[in-house]
Amino acid sequence: MTASRRPARAVGMLALAAGMMLPLAVAGPAHAAPPVAFSEPGIHEFTVPAGVENVIVLVVGAGAGGGGGGQGIAGLGGGGGGGGAGGTTIDCRLGVAEGDTLEIRVAAGGVGGAGGSGRPLGRAGESGKTGRVATTVVGPGSRFATSAGANGGQGGGGELAGGAGRGGTAGGQSRTCSDFTEAQPGEPGDDGKDGLVTGGAGGKGGAAGSGVPEECPAGTGVGGNGGAGGGPLGNGKPGTNGGNGCVVLAY
């Protein structure tokens, strides 16, 4: 995984909110409330305070699970599972009014695939899962912003090949809730390594798209790592789960 796949976003969440609110200063009083973060998977609600006409929304999609490592056979290790892809980040501005309720759905990270086991001649690991539900914010008039889960890493090979699993690809999508929408796809996961005399190493999970706000927990939107392949006659290791999604609101 290299850091050169995507430049880091230069503008932070607070700077973004401040820059977008400048043209709106005449329309209402300035607000200095701190950003509100939602990082626990599930459904949440946010009631718009008095005097607020626009909310800056930043959504981080859930990361995908890593693939499980393959089971080894006599004289040959199993292949490592591929890493899961990171979730996509998006940001936009949602027009609101006092008392409006925003529904926030935070997705759980994809579950890592199980390692291969249970066969005398080797068994492939299971592929990691995507974030099952998109991280979504729904506002008035059914306007919304959403970032879908990324793709899981492929399970490592068993049987005679001992081949490595492929890394998951970025699978997030963005939908505009108003204007100023921008999407930053998550990184794909790394491929696992082939099994040789020993089991192959699992691939590293991909990072979330650039611009994850500091209010979100560490590991938000990160893809899970692939599990290592088992040594000769050994079981493969499971892949790790992807990071949960996160939503941050600023106004």
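## A bridge from strand 5 to strand 6

In strand 6, E103 finds its bridge partner in V138, and in that strand R105 is likewise bridged, with T136 as its partner. These pairs belong to a model that is predicted, in which strand 5, covering residues 101-106, and strand 6, covering residues 135-138, pair in the antiparallel sense over three bridges.

On to the next strand: strand 6 is joined by four bridges to strand 7, made up of residues 144-147, and the two run antiparallel. Here V137 has A145 of strand 7 as its bridge partner.

## The four-stranded sheet

The pairings described above form part of an open sheet of four strands, whose order is 2-5-6-7 and whose pairing is antiparallel. At its edges lie strand 2 (42-47) and strand 7, each of which pairs on one side only. From one strand to the next, the twist of this sheet averages 10 degrees.

## The chain as a whole

The protein chain holds one helix and nine strands, and, read from the N terminus on, its elements follow the order α-β-β-β-β-β-β-β-β-β. Of its 251 residues, 49% count as buried, while the surface that the chain exposes comes to about 10,600 Å², with carbon and sulfur atoms supplying 56% of that area.

The contacts of the chain can also be sorted by separation in sequence: among those between residues at least 6 apart, 79% join residues that are at least 24 apart. Several of the residues discussed below can be read with this in mind.

## The disulfide

How many disulfides does the model contain? The count comes to one disulfide, formed by C216 and C246, whose sulfur atoms are 2.1 Å apart. The torsion about the S-S bond of C216 and C246 is about -90 degrees, and the disulfide is therefore left-handed. Because C216 lies in the loop between strand 8 and strand 9 whereas C246 lies in strand 9, the pair ties together parts that are 30 residues apart in sequence.

Are the two cysteines buried or exposed? C216 has a relative accessibility of 9% and so counts as buried, and C246, with a relative accessible area of 0%, is buried as well.

## F38 and its surroundings

F38 is found in strand 1, which spans residues 36-38. Its relative accessible area is 11%, so F38 is buried. Although F38 and C246 are 208 residues apart in sequence, their C-alpha atoms are 5.7 Å apart in space.

Leaving aside residues up to four places away in sequence, F38 touches H44, E45, F46, I104, V106, C246, V247 and L249. One of these neighbours, C246, is the cysteine that forms the disulfide with C216.

## Residues in the loops

T88 is found in the loop between strand 3 (54-60) and strand 4 (89-95). With a relative accessible area of 2%, T88 lies under the 20% limit and is therefore buried. The side chain of T88 reaches the backbone nitrogen of G186 at a distance of 3.5 Å.

G226 has its place in the loop between strand 8 and strand 9, and because its relative accessibility is 14%, G226 counts as buried. Not counting residues up to four places away in sequence, G226 touches G66, G67, G81, G82, G83, G202, G203 and G239. The C-alpha atoms of G226 and K193, which are 33 residues apart along the chain, are separated by 9.9 Å.

## An exposed residue with a positive phi

L233 is found in the loop between strand 8 (179-184) and strand 9 (246-250). Is L233 buried or exposed? Its relative accessibility of 60% is over the 50% limit, which means that L233 counts as exposed.

What is the phi of L233? L233 has a positive phi of about 70 degrees although it is not a glycine. Most residues other than glycine have a negative phi.

Conventions. Residues numbered from 1 in each chain as written. Predicted model: local features only at pLDDT ≥ 70, side-chain atom pairs only at ≥ 80, totals over all residues. Heavy atoms only, no water. Buried < 20%, exposed > 50% of the residue type's maximum accessible area, 1.4 Å probe, protein only. Disulfide = S-S within 2.5 Å. Polar contact = N/O pair within 3.5 Å; in protein donor to acceptor, adjacent residues only side chain to side chain. Pairing = 2+ DSSP bridges. Contact = heavy atoms within 4.5 Å. Axes fitted to C-alpha atoms, helices over the stretch in contact; angles between N-to-C directions. Areas by Shrake-Rupley, 256 points an atom, 1.4 Å probe, with all protein chains shown as cover.
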